[in-house]
Amino acid sequence: MKPSLTDTLCTRCGLCCDGSLFADVELASGGEASALEVMGLEIEDDDDDGGGLLVQPCGALKGTRCSIYPHRPDCCRTFKCRLLQEAERGMVEVERAKEKIAQALRRIERVKELVVQLGTGAERLPLKEHCLEALALSEAAAAGPAVKRKRAELQAAMTSVERLLQAAFLGG
Ligand code: SF4
Ligand code: SF4
């Protein structure tokens, strides 16, 4: 049997679970939140009195795969990024979609390297937040020229990641 596009693309990606695309996942109900908490996942209250928010990077993500796939929340079941939708409609070839994912992962890896080089710990934070924290901490440290160059490199790398994620995965 031919593997589904979710099998082919999502299992090599994970960007909608690892904090690259989103900072959290909106849950449908308190029951859904409780079930995930029992599985050890971090849930935050949301401002709209909804079901709560599953914090990203999601603790259920192992490598690029969801380790609770049969029990994942509704929002995860229904989400399809732009790239996956376009691949399903035949608007993007599968090989081209794989390349886009690989390109995004490479650029994100570079951002993470720079964040660590600027002295920020390898905490589990959404990518953008982690990046902003690294920039704020290195600015506060009255940085010399080498750190200033590194900060500029991180800002440029993050801008390039955001453009790619917006255009290829989020749309618009
Ligand atoms: S970002 Fe898209 S391709 Fe990647 S795992 Fe999520 S739905 Fe799949
Ligand atoms: S529960 Fe699974 S599909 Fe949902 S964000 Fe976490 S790893 Fe991704």
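How many helices and strands does the protein chain have? Colour the model by secondary structure and count along: there are seven helices and five strands. Keep in mind as you look around that this is a predicted model.

**The whole chain**

Start with the full view. The C-alpha trace of the protein chain spans about 55 × 40 × 25 Å along its principal axes. If you walk along the sequence, you will meet the pattern α-β-α-β-β-β-β-α-α-α-α-α. Of the 172 residues in the protein chain, 39% count as buried.

**The sheet**

Next, select residues 24-26, 43-44 and 53-55, which are the strands β1, β2 and β3. Together they make an open sheet of three strands, in the order β1-β3-β2, with antiparallel pairing. The edge strands are β1 and β2, and each of them pairs on one side only. Strands of a sheet pair through backbone hydrogen bonds, so showing the backbone atoms is helpful here. Now zoom in on β2 and β3: two bridges join these antiparallel strands. To find one bridge pair, pick I43 and look across to L54 in β3, its partner.

**Ligand 1**

Now select ligand 1 and show the residues that surround it: C10, C13, G14, C16, L21, C81, L84 and F169. Is this shell mostly nonpolar or charged? It divides into seven nonpolar residues, one polar and no charged. The space that ligand 1 takes up is the largest pocket.

**Ligand 2**

Move on to ligand 2. Around it you will find C17, Q56, C58, A60, L61, C66, I68, P73 and C76. This shell has eight nonpolar residues and one polar, with no charged residue. The space taken by ligand 2 is, once again, the largest pocket.

**The helix α7**

For the last stop, select residues 145-170, which form helix α7. F169, which you met beside ligand 1, is one of the buried residues of this helix. How far does α7 reach from its first C-alpha to its last? Its 26 residues cover 36 Å, close to the 38 Å expected at 1.5 Å a residue.

Now show the side chains of R151, L154, A157, M158, V161, L164, L165, A168 and F169, which are buried in α7. An α-helix has 3.6 residues a turn, so residues three or four places apart point the same way. With that in mind, turn the view to look down the helix and see where these buried residues lie.

Finish at G171, which follows α7 and has a positive phi, near 90°.

Note on methods: Residues numbered from 1 in each chain as written. Chains lettered and ligands numbered in written order. Predicted model: local features only at pLDDT ≥ 70, side-chain atom pairs only at ≥ 80, totals over all residues. Heavy atoms only, no water. Pairing = 2+ DSSP bridges. Helix = DSSP H or I, 4+ residues; strand = E, 2+ residues; numbered from the N terminus. Near = heavy atom within 4 Å. 1 Å grid on protein atoms, 1.4 Å probe; cavity = no way out; pocket = protein on both sides within 12 Å on 5 of 7 lines; lining within 4 Å. Sits in = over half its atoms within 2 Å of the grid points. Nonpolar A, V, L, I, M, F, W, Y, C, P; charged D, E, K, R; others polar. Expected span 1.5 Å × (residues − 1). Buried < 20%, exposed > 50% of the residue type's maximum accessible area, 1.4 Å probe, protein only.
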